[in-house]
Amino acid sequence: MKRSYYQKIAFLGILLLILFIFQEYTGKEKENFPEIKFVSEENASLYLTEFNPNDLNEKQWQSLGFSSKQVLTILNYKKIVGGEFTSKEQLQKCYAISKEKFSEISPYIMLPNDHKVIKNDRSGVPDKKTITVSGTFNPDHLSEKEWENMGFSPRQAQAILKYKAYLGGSFVSKEKLKACFIINDENYRLLAPHLLLPEKTPENLKNISKSTEQKPRIYLRFFDPNTLNTAGWQSLGFSEKQALTIVNYRDRNLKGRFNTYQDIQKCFVISQEKFEELKPYIKIKDQQNDEKKNPIIQQKTDFASTDLNQITFKQLLEFGLDEKSAGSIIGFRKKLGGFVTKQQILETYNIDTDLVQKLISICKLDSSGITKYTLVDAPEEWLKNHPYFRYSADKIIYYRVSNPEDKKIWKFLKLKPEYETRMKLYLK
């Protein structure tokens with residue numbers, strides 16, 4: 001009896017304990033857990049440098065600190081605005097780029113601040129409000145002034161005429177005119193109904209281009225290839241670039257002289273057909289016999305009265321320089337457009353420094369004939385080919401679009417003093 005009694009008491013105790021625990025659990029209000037925030041490590045500081053947003057691909061945008069979704073949004077926005085960002089103002093409107101992020105990357109963006117600057121000076125797209133067409137016309141017959149009267153800027157008119165010259169002197173068809181990057185789709189739609197041109201380009205375009213291009217008439221005559229300058233080679237039917245290549249090939253590769261017909265034939269810009277055309281007229285004079293017949297050639301040069309900007313390859317050899325040194329000096333002088341200071345000659349590669357030092361101490365230097373420019377008006381080709389400017393050419397061309405002042409351009413370039421000093425030798 002006592003045993004069953006204690007069992008019942010124990011059972012009741014356990015039951016009461018369970019009820020008490022249940023009451024305690026259900027009686028309390030449910031506590032809210034504190035909001036959990038995941039704190040990620042701050043991104044490593046980005047190393048920013050100047051960039052054009054139109055040139056960046058997806059990975060490059062991500063390297064600037066944007067997520068893949070943000071990058072996708074930016075690239076889609078680029079398509080919406082016409083496939084190219086034209087100003088910082090336009091890029092800032094992309095909602096995927098926060099104000100803080102834009103202020104961080106803005107100093108490094110290679111675009112003008114204002115969209116209007118791009119529209120008028122950089123993109124080359126004429127203002128749609130200014131284009132007026134009075135009647136039908138053949139664009140081949142329009143002068144630069146007539147393109148301007150139609151509503152294009154002087155630069156745009158010049159670019160259109162250059163494009164026509166590139167095609168061979170004629171636009172040939174509406175299809176070709178439409179391909180001119182200066183004329184956007186909207187303006188082309190205004191011009192198209194008035195154009196006196198066929199819709200499609202004829203299959204014999206090459207023949208048409210050749211017939212419409214006005215080339216100078218070539219008069220073949222006997223000539224010595226060792227005495228011709230670039231103008232002389234151009235008179236034989238070569239372009240300016242081809243003529244320059246031939247002269248450089250002769251002066252550098254062949255040490256100033258064609259000795260055989262094969263030497264001429266090996267120059268890659270002279271085709272086999274052109275060589276066969278010229279061959280009957282080529283007369284290579286024998287150097288040794290010529291010197292015997294003309295003793296004046298053997299006379300020594302008066303180097304004290306010789307200008308370092310006019311000294312020839314042969315005169316350098318006469319002074320004692322080897323062919324490698326002489327060729328390097330002549331070649332470097334051509335690239336520079338002439339020496340401004342004697343010290344520049346010592347910067348030439350592959351020279352006998354001691355002997356050249358003696359040469360410049362004897363010879364005079366006249367730099368008055370050297371063409372000089374400002375950073376604003378220097379031709380693009382000149383900037384890109386000049387040894388002192390070519391590495392900064394693209395930046396100069398970009399900066400002067402919205403800042404046409406030399407002082408401002410120098411500030412943006414941030415060049416080392418020694419680089420700036422030697423560039424200023426060729427500036428006004």
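This passage looks at a small cavity-lining region around D251 and at two helices, α19 and α21, in a predicted model.

A good place to start is D251, a residue of helix α13, which runs over residues 240-253. Is D251 buried or exposed? Its relative accessible area comes out at 17%, and the cut-off for buried is under 20%, so D251 counts as buried. Its side chain is not without a polar partner: a polar contact of 3.0 Å links it to the side chain of K334. Setting aside anything within four places in sequence, the residues in contact with D251 are G256, F313 and K334. K334 therefore turns up both as the polar partner of D251 and in its list of contacts.

D251 also borders on empty space. How many cavities of 30 Å³ or more does the structure hold? The count is 1, and the largest cavity takes up about 30 Å³. Around that cavity sit N248, D251, R252, F313, G327, I330, G331 and K334. Two elements, α13 and α18 (323-336), each give two or more residues to this lining. Of the contributors, α18 gives the most, with 4 residues. Sorted by character, the lining has 2 nonpolar, 3 polar and 3 charged residues. Both side chains of the 3.0 Å polar contact, those of D251 and K334, belong to residues on the lining list, and F313, another contact of D251, is on that list as well.

Helix α18 comes up again in the surroundings of α19, the helix of residues 353-362. The buried residues of α19 are L355, V356, L359 and I360. Because these residues span an arc of only 135° around the axis, they end up on the same side of α19. What do they pack against? Their partners are α17 (313-319) and α18. On the face turned away from this buried side, α19 carries the exposed residues D354 and S361. So α19 has a buried side made of L355, V356, L359 and I360, with D354 and S361 exposed on the face turned away from it.

Helix α21, covering residues 393-402, is another case. How many of its 10 residues are buried? The number is 7, which means that α21 is largely enclosed by the rest of the structure. The buried set consists of A393, I396, I397, Y398, Y399, R400 and V401. R400 is thus listed among the buried residues of α21, alongside Y398 and Y399.

Terms used: Residues numbered from 1 in each chain as written. Predicted model: local features only at pLDDT ≥ 70, side-chain atom pairs only at ≥ 80, totals over all residues. Heavy atoms only, no water. Buried < 20%, exposed > 50% of the residue type's maximum accessible area, 1.4 Å probe, protein only. Polar contact = N/O pair within 3.5 Å; in protein donor to acceptor, adjacent residues only side chain to side chain. Contact = heavy atoms within 4.5 Å. 1 Å grid on protein atoms, 1.4 Å probe; cavity = no way out; pocket = protein on both sides within 12 Å on 5 of 7 lines; lining within 4 Å. Points joined across faces, edges and corners; volume = space filled by probe spheres on them. Nonpolar A, V, L, I, M, F, W, Y, C, P; charged D, E, K, R; others polar. Arc of directions from axis to C-beta.
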